[in-house]
Amino acid sequence: MSKILLINVLNNPNILLNIDEKISYQIITEARHLSLLGQLKACCDRAHIEHDLPLHTQQQLLSGFHSYQKQQQQLLLEHQHLTEQLQGVISSWRYLRGSALQFLNNDMFAGRIKNNIDIYVPQQHVANVEKTLLDNGWRYKNIADYEETFYRRWAQQTTPLIHKQRRTELAIHFQLLPKTLINKLDPTPLLHHHLSPPLCEPATLLSPDAMVLHQAIMLFHQINYHYGLRDIYSLYLQFVYFSKDATFWHNLIQLHQQVGNDNSLYLAVSLCQRLFNLAVPENVLIYFKQQKSHRLSYWLYQQRFIDAFIYQFPLHRNMGYRDAVKSLRFRGRLKQMPIYSIVPHIIKRLIVNSIPHDDEEVIN
């Protein structure tokens, strides 16, 4: 019998009904390690098997879902504070990534844990927004001075903020794409349309096509893929849910053409097909088949991404996983900053991380 991995259960949650206690515990532990425990419960709920599972498994899944619910409540609380504090400073802002999925408040995305709160603020308003937040209980995350340059110059966001009492972390993005992509891609079309769920007023969310494309680009320009399975699974769920609208794929292709020639969407669709058997319309497949350079990139990196995504749990790590992580880390650095900045960044990272520090100061 081949080893059962978390991804097998995400694709077929009925597996949980037919495995012994030891393997079930291992799956639960892997899901918790990858911040997927809440989504695993939601997956079981959609399969209508939640009450057929062993009591201990139900309890573990419920604990993960409670963490998600607590985080969602905290997001709503922070939104109330931001709305009060930013009144008169900025009329609106946009929630991104995991924060946006939580604001959708949809069963398909239930259980999705986020790392922090991500918002987009137009660059001309960033200084006033930062000052207002710093005057209202927020502080900059403890991080090396040179990393401040990385965030603002290359990542196009401020140094993350942490609230002094509530310990919530907030990232303010003043561009939707890293600086290395600005000369290649045009992020402006990502902001042309938006969603306005009542829960997040006066803020907004990216439109479904922009949300998917933005998350795909950010996923495949990362350095660290610790949460890679969670992120590609979230993209898969978005493809499935948003494609219920007959215009979704058309809008997504059109937006991809407007933003520019980037292979992230091709990688996302192809890997979702490979990992989760995503159904993709024939006209969309024809469009992607025309992108020869994208197909080459997928051919070169598909196995590395798959190994990094599905073998991240320490018990499953093998030589293929370790090689994939090294390769993708170097690829990510090339994506995030010019090659002449990579060596100094690595040297400074090694120096800073060799000095005693608290967890906030670890640099990736």
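By contact I mean heavy atoms within 4.5 Å of each other. With that settled, good morning. The model before us is predicted.

I begin with Ser 234, to which the definition applies directly. Ser 234 is part of helix 10. Leaving aside residues up to four places away in sequence, Ser 234 touches Gln 39, Leu 101 and Arg 112. Its relative accessibility is 1%, and because buried means under 20%, Ser 234 counts as buried.

Let me now place that residue in the protein as a whole. There are 16 helices and seven strands. The protein has 364 residues, and 54% of them are buried. If we take the contacts between residues at least 6 apart in sequence, 70% of them join residues at least 24 apart. The exposed area is about 17,100 Å², of which carbon and sulfur atoms supply 52%.

A second buried position is Ala 216, in helix 9. The relative accessible area of Ala 216 is 0%. Beyond residues up to four places away in sequence, Ala 216 touches Leu 235, Ser 264, Leu 265 and Ala 268. There is also a C-alpha separation to note here: 8.4 Å between Ala 216 and Ile 232, which stand 16 residues apart along the chain.

I turn to the aromatic residues. A pair of aromatic rings is described by the distance of the centres and the angle of the planes. The count for this protein comes to 20 aromatic pairs. One of them joins Tyr 225 and Phe 305, with 5.6 Å centre to centre and 80° between the planes, an edge-to-face arrangement. What does this pair tie together? Tyr 225 lies in the loop between helix 9 (208–219) and helix 10 (228–242), whereas Phe 305 belongs to helix 14 (residues 292–310), so the pair ties together parts that are 80 residues apart in sequence. Both residues, Tyr 225 and Phe 305, are buried.

Tyr 225 also pairs with Phe 309; here the geometry is tilted, at 5.9 Å centre to centre and 55° between the planes. This pair again links distant parts of the chain, with Tyr 225 in the loop between helix 9 and helix 10 and Phe 309 in helix 14, 84 residues apart. Are Tyr 225 and Phe 309 buried or exposed? Tyr 225 has a relative accessible area of 7% and is therefore buried. Phe 309, with a relative accessible area of 1%, is buried as well.

Elsewhere, one aromatic cluster is formed by Phe 109, Phe 239, Tyr 241, Phe 242, Phe 248 and Trp 249.

Rings also appear beneath charged groups. Lys 41 lies over the face of Phe 65, at 5.0 Å from the ring centre. In the other case I wish to show, the ring belongs to Tyr 301: the charged end of Arg 331 sits over it, 5.1 Å from its centre.

I finish at the surface. Which residues make the nonpolar surface patch of about 360 Å²? They are Leu 296, Trp 299 and Leu 300. Leu 300 is found in helix 14, the helix that also holds Phe 305 and Phe 309. At 42% relative accessibility, Leu 300 counts as partly exposed. Helix 14 thus contributes buried rings, Phe 305 and Phe 309, as well as the partly exposed Leu 300.

Note on methods:
Residues are numbered from 1 along each chain as its sequence is written. This is a predicted model: local features need pLDDT of at least 70, side-chain atom pairs count only at pLDDT 80 or more; totals for chains, interfaces and linings use all residues. Side-chain values use heavy atoms; hydrogens and water are left out. Helices (H or I, at least four residues) and strands (E, at least two) are DSSP runs, numbered from the N terminus. Buried means under 20% relative accessible area, exposed over 50%, partly exposed in between (1.4 Å probe, protein chains only). Accessible areas come from the Shrake-Rupley method with a 1.4 Å probe; for residues, only the protein chains shown count as cover. Rings of Phe, Tyr and Trp (its six-membered ring) pair if their centres lie within 6.5 Å; planes under 30 degrees apart count as stacked, over 60 as edge-to-face and the rest as tilted. A charge sits over a ring if NZ of Lys or CZ of Arg is within 6 Å of the ring centre and within 35 degrees of the ring normal. Patches are made of residues with over 30% relative accessible area and no salt bridge: like charges are joined within 9 Å, nonpolar side chains (Val, Leu, Ile, Met, Phe, Trp, Tyr) within 5 Å. A salt bridge is a side-chain nitrogen of Lys or Arg within 4 Å of a carboxyl oxygen of Asp or Glu.
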